[in-house]
Amino acid sequence: MKKAHGMFGGFLHAAGLVRSAGGNVAEFTRELLVPWLRAMADSQLPAMAEQADAGNYGATGSNLAMQVSHDAIGGVSRAQGVSTELFAPLWELMRRRVADGHGEESIGGVLELVHPRGQRPPSAPV
């Protein structure tokens, strides 16, 4: 269940935005969000997994530098009275990756901040 927390965080943020605009959260979820998540899972996640294995995070679309050049999600959220607390941790990692000189990468490069390539797993207890 813990592995789904990120997905739930994204849903809760989106639900807050929909509700703040007077929308129907169930309809939005059924008609827009779930189909979008399926499409992203089928097309983007396998590509990000390949990048993670290869250690090559070259962007084919919007790179990290472009994504962090304007805080669109944060700005819209704040304007609509929706907390950015769920999105803020990822946003900060994205900004840090750009500050470290990796702005040309895709969002997949954030993995190197979560678990750097070549880092050994902790020793098993004896």
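## The largest pocket and the helices around it

About 2000 Å³ of space lies in the largest pocket. Here a pocket is an open set of points on a 1 Å grid over the protein atoms alone, where a 1.4 Å probe fits, with protein on both sides within 12 Å along at least five of seven lines; the volume is the space filled by probe spheres set on the points. Lining residues have an atom within 4 Å of a point. There are 47 of them, and W36, M40, M48, L90 and I107 are the closest to the centre of the pocket.

This is a predicted model, where local features need pLDDT of at least 70 and side-chain atom pairs count only at pLDDT 80 or more, while totals for chains, interfaces and linings use all residues. Residues are numbered from 1 along each chain, and side-chain values use heavy atoms, with hydrogens and water left out.

The protein chain has 6 helices and 0 strands, helices being DSSP runs (H or I) of at least four residues and strands (E) of at least two. Helix 2 gives the most to the pocket lining, with 13 residues. Helix 1, helix 4 (72-79), helix 5 (88-99) and helix 6 (111-114) are also among those that each supply at least two.

Here is how two sets of residues divide by class, with Ala, Val, Leu, Ile, Met, Phe, Trp, Tyr, Cys and Pro as nonpolar, Asp, Glu, Lys and Arg as charged, and the others, Gly among them, as polar.

| Set | Nonpolar | Polar | Charged |
|---|---|---|---|
| Lining of the largest pocket | 31 residues | 15 residues | 1 residue |
| Contact of helix 1 with helix 2 | 7 residues | 1 residue | 1 residue |

In that contact (heavy atoms within 4.5 Å), F11, A14, A15, V18 and R19 of helix 1 meet V25, F28, T29 and L33 of helix 2.
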